[in-house]
Structures are given as structure tokens and as C-alpha cells.
Amino acid sequence: MLLNYLKIAWKVLLRRRFFTFISLFGTSLTLMVLLVLYAIFDYTVGPHTPETQVDRLVFINRIQLVAQEGGQSNGFIGYSFLDRYVRPMRTPEKISLSEGNYNNVEAYVGESTLKLDRKLTDSEFWQVLNFDFVAGRPYTAAEVREAALVAVINESTSRKYFGTTTNVIGRTFEAGAVHYRVVGLVRDVPISRSNSYADFWVPLTTTSEDLRDPGYIGNYQAIALARTSSDVATIQQEYERIIKQVPLPDPKKYKAVHSYARTLLASLTARFNNNADAEGGVGRMMQVSVVMALLFMLLPALNLVNVNVSRMLERSSEIGVRKAFGATSRTLVTQFLFENVFLTLLGGLLGLALAAGALMLLNYSQFMPYSDFALNARVFGAGILTSLFFGALSGAYPAYKMSKLPVVQALKADFKV
């Protein structure tokens, strides 16, 4: 039966090629835009290098001080605060402290100036996250304690500074008027992975900042690695208990301290949501995203409905004959839906191809530094599911309407919707 439906669907598509072109164009263009956006989202918060164990990672990188007069101060967290309250936590397997953001420094190669992004980290940073080392090693705990001037650089920085990615281990690398010895070379990390991105990484003890500054707001973050994904909630609860016991930095000025241990997605949304709540505003963002996606699909779906109605009106005689020979409304609805889903799947495959091309252009343009967007299994699956949903959404009404067409009217072929 399905094979017969497939043959009929193919013949119908070839019968009116202009209608087929309009349908495929609208479907593929809509899906291309949605898939490109989803691919960017996936490569920002999904399990990709170096956050490959994203389901086990917890980020503590925002703190909020609520003033007595009702105002508030938000920002990254002071190193001393994290070292005192977060590093001793018992639930995580490992805890790393690092700069919450990167700092831009200059390096000089001949007469050229390189703008490079530097991140300060501890040695646990390389154990909590899974960087792809091309050569060398991460710096050790001893090197961090000794404030050794060592660095791990990415491949692009190596090419720009040394002109090669081979035999760079042990060479001297100058940035920000400081000479570092290169101990490791890693593959580029895209800027979308903001918690780990940099052009090069150095021990946090090499900073000129006072790491003993007792201020709660600073420039640092903690990344905790849970033993299992089920321990993430336990880590969040442990940190919640700690925050409740943290003394106010200045009781005359502040009345509350808020900080949360969050997942990767929540930690990113919280940056743009004034610290928000424990979920970082993820629920609201997902609701808005779903509504926007549905609205974006609505217009092409309505256009496809009109095209399908016009296409089915041309087949009213066929519908009448089939009904006269005993075809049920359910059979006709199934056939028409199958034909429409088949069409949208073709559009979906074309949309996947267009999305792959668009992502390649984004990578080539370096709109987002070191981006490596691609259609992985999750994005491909999302494309197929979206095609099926789009096909059902745009085909349900025309299929139901035509299946209810009376036999006599269908045979006269003069039915008007």
C-alpha cells in the first residue's frame, strides 16, 4: 500500500511542476533557516570539545549582591570567594577555577600586531574539560603554584605567530609584553564556547591582580565536574546551602547574596538575564524560541495549504471515483497526508543541503571565530522531525477537506472551498 502511495505521490509531483517548485522552495528555505539556527545553538551548548561531558558539568560564574536600597550588582565572581567557598565542595569529582571571560592582549610578529584572547586558568581546568591536544601537554599544578610563565596555545595562534603548527613546543611566545614558554598546542575552540574559549591559556597565578582580594564580585568562574550526570542536582543543592551561609560583604550596604550552580545553557542565558534564578531563564528562553519557530513556520505552512488545496481540486474526479468504489475518508486522508509528508521530506532533504552550505559559508567567513558548524546527527534528526511536523501541519486540513467531498460533487469536479 505504501509503495502505491509513493508512486502516486511521485506522479502527482511531476504533474504540476510549478506547484511542486513553490512547495519545495518554501519548505526548504524555512527548514534551512531553522536548521542553521539550531546548529549554532547545538554547537554552543551541546557536547562538543572541550565541553564533551556537558551533562556532567556545572558552572558557577555569576553572583548578585542585592543592596539595602533595592539596587543590585551582578558580575563574575572574585577568585578569593571561589577559592574559599567553592573549591572545598565535596560532591564534585573535580573543580577548576579560571577567568570567566577572556582578555585581549597584543603580540608582535615582525611589524604585524596580533590581537589575541588570553584566559587565566588553574591546572584542574585541563582535567575538567577535554581539549584536543595536537602536541605537548597542559601545565601542571606545580607550574601554577610557581607562577611559571608557560602557555598552551591554539593552532591558529601558532600559525600566526610561528608560521607553523609543528615543532612549537618549548619555543618562546611573547604576548602582552610577557614571554611564555609553549608547553601545549590544542585545536581551536570556537568563541561560542565562551567558558573555555581563548587563543592561549596561562596559569592564573601569573596575573598582576591580587587574587586575595576579598571582594565577592570579580573576574573568575568555577567549573565543577560531577562524577555522574545524576550528581549535577546534588552539586547544585550543595552550593545552594553554601550560599545561604555566606556572610554579607557589608551588612549596611547589602541585604542578600544570590549565586547559583548552573548547567552550561543556564550559565549562558544568565549572563543576559541579570543573574535570573537557578535556571538562568532557560524555561522562558525555550518557550520564546518554540513560539518564534512555530510562527516562522506558519506563513509557509499556510501557503503550502493553499497550494495543496489547489492541487487536490484538480483531483476531485479521482476522489469521486475512488469514493464510488468504496474508498473511505480515512484511506483518503492517509493517502493525502502521505503525499504531503513525502513532499516536505524532499524539501527537508533540500533544506539540509542548503543548511550545510550556509554553515560552510559561516565557517569560511569566520563570523564567529574558529566556528566549526556542521550537520551532526542531532541537527540531521531535528531536520527530519521538523519536515514531518511541517508536512502534517500543512497537509492535515486539505486532506480532511477533500476526504469529505461528496461523491456527486467530486465527479462534477466543480467543488469550491
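**Exercise 1. What volume does the largest pocket have, and which residues sit closest to its centre?**

Keep in mind as you go that this is a predicted model.

*Step 1.* Start with the space itself: the largest pocket has a volume of about 1,000 Å³.

*Step 2.* Now look at the wall. There are 33 lining residues, and L37, Y38, F41, M285 and S289 are the closest to the centre.

*Step 3.* Ask where the lining comes from. Helix 2, helix 8 (264–271), helix 9 (282–313) and helix 12 (377–403) each give at least two residues. Helix 9 supplies the largest share, with ten residues.

*Step 4.* Sort the lining by class: you get 22 nonpolar, nine polar and two charged residues.

**Exercise 2. Find the second largest pocket and sort its lining by class.**

*Step 1.* This pocket holds about 230 Å³ of space.

*Step 2.* Pick out its lining, which includes Y43, H48 and T49. Further along the chain, D132, E155, R187, D188, V189 and P190 belong to it too, as do Y370 and D372.

*Step 3.* The class count for this lining is four nonpolar, two polar and five charged residues.

**Exercise 3. Is T30 buried or exposed, and what does it touch?**

*Step 1.* Locate T30 first: it's in helix 2, which covers residues 17–45.

*Step 2.* Check its relative accessible area, which is 6%. The cut-off for buried is under 20%, so T30 counts as buried.

*Step 3.* Skip residues up to four places away in sequence, and T30 touches F296, M297 and P300.

**Exercise 4. Which residues touch the most other members of the largest nonpolar core?**

*Step 1.* A bit of background helps: in soluble globular proteins, nonpolar side chains tend to be buried together.

*Step 2.* The largest nonpolar core here has 47 residues, and I60, F81, L82, F173, F200 and Y239 touch the most other members.

*Step 3.* Zoom in on F173. Leaving out neighbours within four places in sequence, its contacts include L116, I153, Y161, F162 and F200. T157 and H179 are also among the contacts of F173.

*Step 4.* Don't stop there: apart from the largest core lies another one, of 28 residues, with F131, Y139, L268 and V282 among them.

**Exercise 5. In which sense do strand 5 and strand 6 pair?**

*Step 1.* Strand 5 (residues 103–109) and strand 6 (residues 112–121) run antiparallel, paired over seven bridges.

*Step 2.* Follow one bridge: V109 has S112 in strand 6 as its partner.

*Step 3.* Finish at the turn. This hairpin has two residues between the strands, and G110 takes a positive phi near 65°.

Note on methods: Residues are numbered from 1 along each chain as its sequence is written. This is a predicted model: local features need pLDDT of at least 70, side-chain atom pairs count only at pLDDT 80 or more; totals for chains, interfaces and linings use all residues. Side-chain values use heavy atoms; hydrogens and water are left out. A nonpolar core is a set of buried Ala, Val, Leu, Ile, Met, Phe, Trp, Tyr and Cys residues joined through side-chain atoms within 4.5 Å. Buried means under 20% relative accessible area, exposed over 50%, partly exposed in between (1.4 Å probe, protein chains only). Contact means heavy atoms within 4.5 Å. Helices (H or I, at least four residues) and strands (E, at least two) are DSSP runs, numbered from the N terminus. On a 1 Å grid over the protein atoms alone, a cavity is a set of points where a 1.4 Å probe fits but cannot get out, and a pocket is an open set with protein on both sides within 12 Å along at least five of seven lines; lining residues have an atom within 4 Å of a point. Grid points are joined across faces, edges and corners, and a volume is the space filled by probe spheres set on the points. Ala, Val, Leu, Ile, Met, Phe, Trp, Tyr, Cys and Pro count as nonpolar, Asp, Glu, Lys and Arg as charged, and the others, Gly among them, as polar. Two strands pair if DSSP finds at least two bridges between them.
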